[in-house]
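Me: I should like to study this structure by asking short questions and reasoning through each reply. May we begin with the sheets?

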Amino acid sequence: MRHYPPYIDLPPLQRAQGTVRLPGSKSISNRTLLLAGLSQGTTHVHDLLDSEDVAHMLDALQRLGVRIDPGASAEEVFVQGCGGVFSVKDADLFLGNAGTAFRPLTAALALTGGHYRLSGVPRMHERPIGDLVDALRQIGADIRYLGNEGFPPLEIFPAGVRPGVPVRVRGEVSSQFLTALLMALPMTGEDVRIEVLGDLISKPYIELTLRMLGQFGIQVTREEWRAFGIAGGQRYQAPAHLHVEGDASSASYFLAAGAIGGGPVRVQGVGHGSIQGDVRFAEALQSLGARIAYGENWIEARAPSQGRLRAFDMDLNHIPDAAMTLAVAALFADGPCRVRNIASWRVKETDRLAAMAAELRKLGAIVEEGPDYLRIDPPAALTPHAHIATYDDHRIAMCFSLVALGGVPIRILDPKCVAKTFPSYFERFGALTGIAPVIAIDGPSASGKGTVAAAVARALGYHFLDSGALYRLVALAAIETDIPMQDEEGLARLAAALDARFEDGEIYLKGVKVTDRIRREDVSDASSRVSSVAGVRTALLERQRAFRNLPGLVADGRDMGSVVFPDANLKVFLTASAEARARRRYKQLMAKGISVSLPSLLVDINARDARDAQRSLAPLQRCQDAHLLDTTAMSVEQAVNQVLAWTESMQAVEPSDSN
């Protein structure tokens, strides 16, 4: 599981440019999984979103008896459909805060003749579901509230459901209610008519649902947006393969980054042929003066050719999620802006109208909050050092990251909420803007630098680079592919293509855990030769720099602060007396059952220090701007705490207003 720090500090940013490949769409991913689970046959799903909301749907389907087999990656699964009949007739399902799982599953389970209990996190229990329950009760469903009337959690009992009368549902609260009915009612096998009461919001999401129903063999007739008909006798049929489009809502943050931060920023995974309504965010951005280009599977954004973004007054009912990004973009407009017809924000992951108004005010904006709109007067200058509360809402965390492109530092609190739909968001954003703090830790052999560096990375939620392990990985790969140690060109090519990952204290080569294998004696001997090859060190330079991603990096190695990351935010030179280092090594080896002599280890430590200081490539030396930390009389915990204290003073910012 990805580890997140308690906050992320973004420094003042000057530019955003580059290319981002989008994760799979949450809306398409969860619709695909449920439709595949209800189908006859097996669906091979590609490019599935790897996130919390999708994990809840996967878990629920498996608890209901649907067989789901993993593919070659976390983005690929095989769903063996149940033909509309869940084999498990009694289950408790926890669905977190995933509305795209909770609402459709409620409708589907109400029609399957089982006994089920559906619950979620406290915020899910504050999100209304009464309109959907009322619609299902019209055709005989037995659904009861376990808490407040009109809200989850729910208990569903077996009932004889027959859609002999039109099913009526309100359309102005959430389009997910209509989507749930459209996905569930074909299971009855009878003619169904659904009538929408009031204005239907988020119409593009209904269009998405209809197109996906067609992919699974269900045809729906439509009378504009007022009524929908499903002919009886239709059954879900599994397509052999289904590719999930990139998430168009997530594209909004990067397209806005291009419009605010110069660009060009290109998002891959959606284009002019997308089936998602949120691609229309690009049109809205273009109307503000941003320069937009399209391809079949990409969209690109640049800043206006001159001046700021234009002020706007827009009805954004059709793209409510992406509308949040426009509310932040209003901070960069040349006049007051109005985001209208967004009442659905009140019933999302949080009350987004109130939350967005509060956080925009922290940045100096004058904000008027109405029942279904925000009016935003951008400040003459953004207020720096704001602490942005995220309300456990992924979209608030992501859209407010754009503020740093206004040249002010900002702190995003509780960034783990992005795991709901986009776990790697801050890493992708950091790659576009070229920023991520680096802590470089160096020192002589057995000084404890690797242990301290790994512990600091865990405490901060940062990525960890063990550069010594990289050379061991090259050595292991060379041994396993029969590349001689004398073949310097072959070793350099191997280093340039090295597929390495460090995660939760383990080391992976090509996705395979090799933590213990790289410590073998033959690998240790080979790594000494590998590290003396100039071509290998040159090849690994960019490999090492590629580890620099948000929220930050702790890099352990002798040239981290001098060559690889000379601009590191914090440099630490960890040392200890030769005697203390020899004792530490002695204890480590004895704990592994390796019998050694303490005096001989001391001789080896001194000899290695001399070699390290005299070597022509990356000699051991302390950078002039590095903090010296003598750990002779320190425990690991004390050393870690000292590095964390230096880090905290490095990151210190003053909040503008945390209320």
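Me: In which order do the five strands of the open sheet with parallel pairing stand?
Reply: In this predicted model, five strands form an open sheet whose pairing is parallel. The edge strands, β25 (463–466) and β31 (627–630), each pair on one side only. Neighbouring strands in this sheet are turned by 20° against each other on average, direction ignored. The order is β25-β29-β24-β30-β31.

Me: Which residue of β29 is the bridge partner of Ile-441?
Reply: Strand β24 (residues 438–442) and strand β29 (residues 553–556) run parallel and are joined by four bridges. The partner of Ile-441 in β29 is Asp-556.

Me: Which strands stand at the edges of the open sheet of four strands?
Reply: The pairing in this sheet is mixed, and the order is β18-β19-β21-β20. An edge strand here has a single partner strand, so one side of it is left without a neighbour in the sheet. The strands in this position are β18 (313–315) and β20 (366–369).

Me: At about what angle to β20 does helix α10 run?
Reply: Helix α10 (residues 352–362) lies across two strands, β20 and β21 (373–377). Its angle to β20 is about 165°.

Me: Which parts does the salt bridge of Asp-393 and Arg-352 tie together, and how many residues apart are they in sequence?
Reply: The side chains of Asp-393 and Arg-352 meet in a salt bridge at 2.7 Å, N to O, and both residues are buried. Asp-393 lies in the loop between β22 (386–388) and α11 (394–400), whereas Arg-352 lies in helix α10, so the pair ties together parts whose separation in sequence is 41 residues.

Me: Is Glu-223 buried or partly exposed?
Reply: Glu-223 in strand β12 forms a salt bridge with Arg-193 in strand β11 (residues 192–197), and the closest N and O atoms are 2.8 Å apart. The relative accessibility of Glu-223 is 39%. Buried would require a value under 20%, and exposed one over 50%. Glu-223 therefore counts as partly exposed.

Me: How far apart are the end C-alpha atoms of helix α6, and why does that agree with its number of residues?
Reply: Helix α6 (residues 203–215) has 13 residues. The expected span is 1.5 Å times one less than the number of residues, and for α6 this comes to 18 Å. The distance found between the end C-alpha atoms agrees with that value: 19 Å.

Me: Against which elements do the buried residues of α6 pack?
Reply: The buried residues of α6 include Tyr-205, Ile-206, Leu-208 and Leu-213. Tyr-205 and Leu-208 are in contact with Ser-27, which has its place in helix α1. The packing partners are α1 (26–38), α5 (175–184), β12 (220–223), β13 (227–230), α7 (248–260) and α9 (320–329).

Me: Why does Ser-27 count as buried, and what is its relative accessible area?
Reply: A residue is buried if its relative accessible area is under 20%. Ser-27 meets this condition, because its value is 11%.

Me: Which residues have the most contacts inside the largest nonpolar core?
Reply: This core has 85 residues, and α7 gives the most to it, with nine residues. Apart from it lies another core of 78 residues, among them Val-66 and Phe-216. Within the largest core, the residues with the most contacts are Trp-345, Met-356 and Phe-400.

How values were computed: Residues are numbered from 1 along each chain as its sequence is written. This is a predicted model: local features need pLDDT of at least 70, side-chain atom pairs count only at pLDDT 80 or more; totals for chains, interfaces and linings use all residues. Side-chain values use heavy atoms; hydrogens and water are left out. Buried means under 20% relative accessible area, exposed over 50%, partly exposed in between (1.4 Å probe, protein chains only). Contact means heavy atoms within 4.5 Å. A nonpolar core is a set of buried Ala, Val, Leu, Ile, Met, Phe, Trp, Tyr and Cys residues joined through side-chain atoms within 4.5 Å. Two strands pair if DSSP finds at least two bridges between them. Axes are lines fitted to C-alpha atoms, for helices over the stretch in contact, and angles run from 0 to 180 degrees between N-to-C directions. A salt bridge is a side-chain nitrogen of Lys or Arg within 4 Å of a carboxyl oxygen of Asp or Glu. Lists of a residue's contacts leave out its neighbours within four places in sequence.
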